[in-house]
Amino acid sequence: MSEVVFLSNTNIQVVSGKASGSGVKVTKLFSAPLPEGAVLNGVVMDQDMVIQTIKDVWQMNKLPKSEVTLIINSPQLRASRVDAPIQSDKKTTEFIKRETADSDYGRFQKPVTGWYLVSKDSKAKTQRVIYETAESEFVARYVEIFEKSGLKLKSIHNGVQLATEFFTKASAGKTIIYMILDGKSLVTIFFAEGKYYYDSTSRVFAQPGTPEFAREIYASVSSIRQFMSAQHLEATLKDVLFAGITQPQVAQLSNDILNIDSQIDVSVVTPPSGTSISDGASAFPFYIYPIAGLKSIAEKLSILKASKQSDSKSADKAGVMKYVLIGAAVLAVAGIAYGALAVVKASKKAELKKIQDYIYDPNVVAQVDAYDAMYNNMSEIGQIQGGVDLLNADIASYPIPDSSINQKIVSAAIPHDVDIEFNSYSASSGVFNITASSPVVEDINMFIADLMAMDIFEDVNYTGYVLSSDGTSWRINVVCTLAGNTVAEDAAAETTGEVS
């Protein structure tokens, strides 16, 4: 029996149970609110509040204090899938280290990476693994939080990838979308003909049960349809399984989307085969992440173990450096003593007097003072120049919203018969706000897809489909954030002082 904890922005969920064959057996479910602002996107903002909440939940429900698994969804705990050659665990770990070093994961200052096996393809001699990477400090803080709560962490995992694996078997041969709403965060997981393609996380602004909420959900479905078209997938998408809202809210969402697109069927997600919940299946849509955390996985290197190994290596290096410094200090002292004795032996009083006279000569002292002043002045000038160079690089990277931007937006709209209205531009944020309208919703979606493909935009967000009063056309607000200009590498090197 083990306990799985899921921390969201709003509450803490605890599931007691165990893996059972290829499924899970849930014996207890608990949930408690977290103080507002205590956790933000998986990052603990108020450690004392989180510790107290965990203590209260454990004391109130009299839960065991060992074998605790933590599940979080956070940009600070990034997870990816990769196909690797079938080889030893040690070589697979080295393969993953190279994979993370060559990707955006290399941006972590002091990363630790764990991984677990998903499947093997003996014919292709490959294995699919999921690796999770986080800052060492991020992992260490959670270990500290649970220790201060009187609990011992067994492992830490990304919730989205666990949920994806949890639904993989139930999705065999199906083209289906799983949507999990946690507060304002919507996770979308897409399978086509039983094959996992991708997952995404977005923010939802409307309240469940409203037409605006249905339009936001439908926009996500439309994005996946565009993805299928771009990937030349022939499968038909109609099934959407929703979690995180009540049955009546799902029914309302289904009706609202049917009014937009009669081919989309929205229903409540149900537990996969092999899942047993003592309190009944009705709670399943609200506890997907911690329930998925109960399922047995082939964990080869936990992120906690990787963190301990990293700390051990750092301590070993520090110990070696300590002895190196001690040895260097001893040699330095011996050298100074030897040199001093040699000077004393070789020098004569007259030569010493001559040297002292030279050192204290007023003219020499004045020259040294002048040199020091000049050197300090040159250092200040260098610092000022460096700051100017960095400022120039920042200015050069700032996007310029000239008429060519408007022309490119209009050019993207013309092939799809979409009308564009430019509403505003914010110089401080680089954001264009426009309104797109067309009699056909799909034409607007295709226009937005073309905008997303433009390298002049860092981000394109759209929301709020509205039907005109005469019922002849659809309108949607589109927010385009300009991408920064690329600064030449040689200029960047000059500002940072790099030498080729």
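This report covers the overall make-up, two helices, three salt bridges and a surface patch of a predicted model.

## Overall make-up

The chain has 500 residues, and 39% of them count as buried. Its secondary structure comes to 13 helices and 21 strands. Contacts reach far along the sequence: of those between residues at least 6 apart, 65% join residues at least 24 apart.

The exposed area is about 28,000 Å². Carbon and sulfur atoms supply 55% of that area.

## Helix α12 and its cover

Helix α12 spans residues 441-453. Its 13 residues reach 19 Å from first C-alpha to last, close to the expected 18 Å. Six names make up its buried set: Val441, Ile444, Asn445, Phe447, Ile448 and Leu451. Seen down the axis of α12, these buried residues fall within an arc of 160°, so they line one face of the helix.

Helices and strands both help to cover the buried residues of α12. The cover includes helices α5 (211-230) and α11 (403-413). It also includes strands β18 (419-426), β19 (431-438), β20 (457-467) and β21 (474-482).

## Helix α5

Helix α5 has 20 residues. It reaches 29 Å from its first C-alpha to its last, close to the 28 Å expected at 1.5 Å a residue. Its buried residues include Phe213, Ile217, Tyr218, Val221, Ile224 and Met228. Polar names appear as well, among them Glu216, Ser220, Ser222 and Gln226. His232 follows α5 and has a positive phi, near 60°.

## Salt bridges

Side chains of opposite charge can pair when their charged atoms come close. The whole structure holds seven salt bridges. One of them joins Glu67 and Lys154, with the closest N and O atoms 3.7 Å apart. This pair links distant parts of the chain, 87 residues apart: Glu67 lies in the loop between α1 and β6, Lys154 in strand β10. Glu67 is partly exposed at 40% relative accessible area, and Lys154 is partly exposed at 38%.

Glu144 and Lys148 form a salt bridge at 2.9 Å between the closest N and O atoms. They sit four residues apart in helix α3, so about one helical turn separates them. Glu421 pairs with Arg475 at 3.6 Å. That bridge links strand β18 to strand β21, across 54 residues. Glu421 is partly exposed at 40%, as is Arg475 at 35%.

## Nonpolar surface patch

Ile355, Tyr358, Ile359 and Tyr360 make a nonpolar surface patch of about 510 Å². Ile355 belongs to helix α9, residues 349-359.

Note on methods
Residues are numbered from 1 along each chain as its sequence is written. This is a predicted model: local features need pLDDT of at least 70, side-chain atom pairs count only at pLDDT 80 or more; totals for chains, interfaces and linings use all residues. Side-chain values use heavy atoms; hydrogens and water are left out. Patches are made of residues with over 30% relative accessible area and no salt bridge: like charges are joined within 9 Å, nonpolar side chains (Val, Leu, Ile, Met, Phe, Trp, Tyr) within 5 Å. Accessible areas come from the Shrake-Rupley method with a 1.4 Å probe; for residues, only the protein chains shown count as cover. A salt bridge is a side-chain nitrogen of Lys or Arg within 4 Å of a carboxyl oxygen of Asp or Glu. Helices (H or I, at least four residues) and strands (E, at least two) are DSSP runs, numbered from the N terminus. The expected span of a helix is 1.5 Å times one less than its number of residues. Buried means under 20% relative accessible area, exposed over 50%, partly exposed in between (1.4 Å probe, protein chains only). The arc is that of the directions from the helix axis to the C-beta atoms. Contact means heavy atoms within 4.5 Å.
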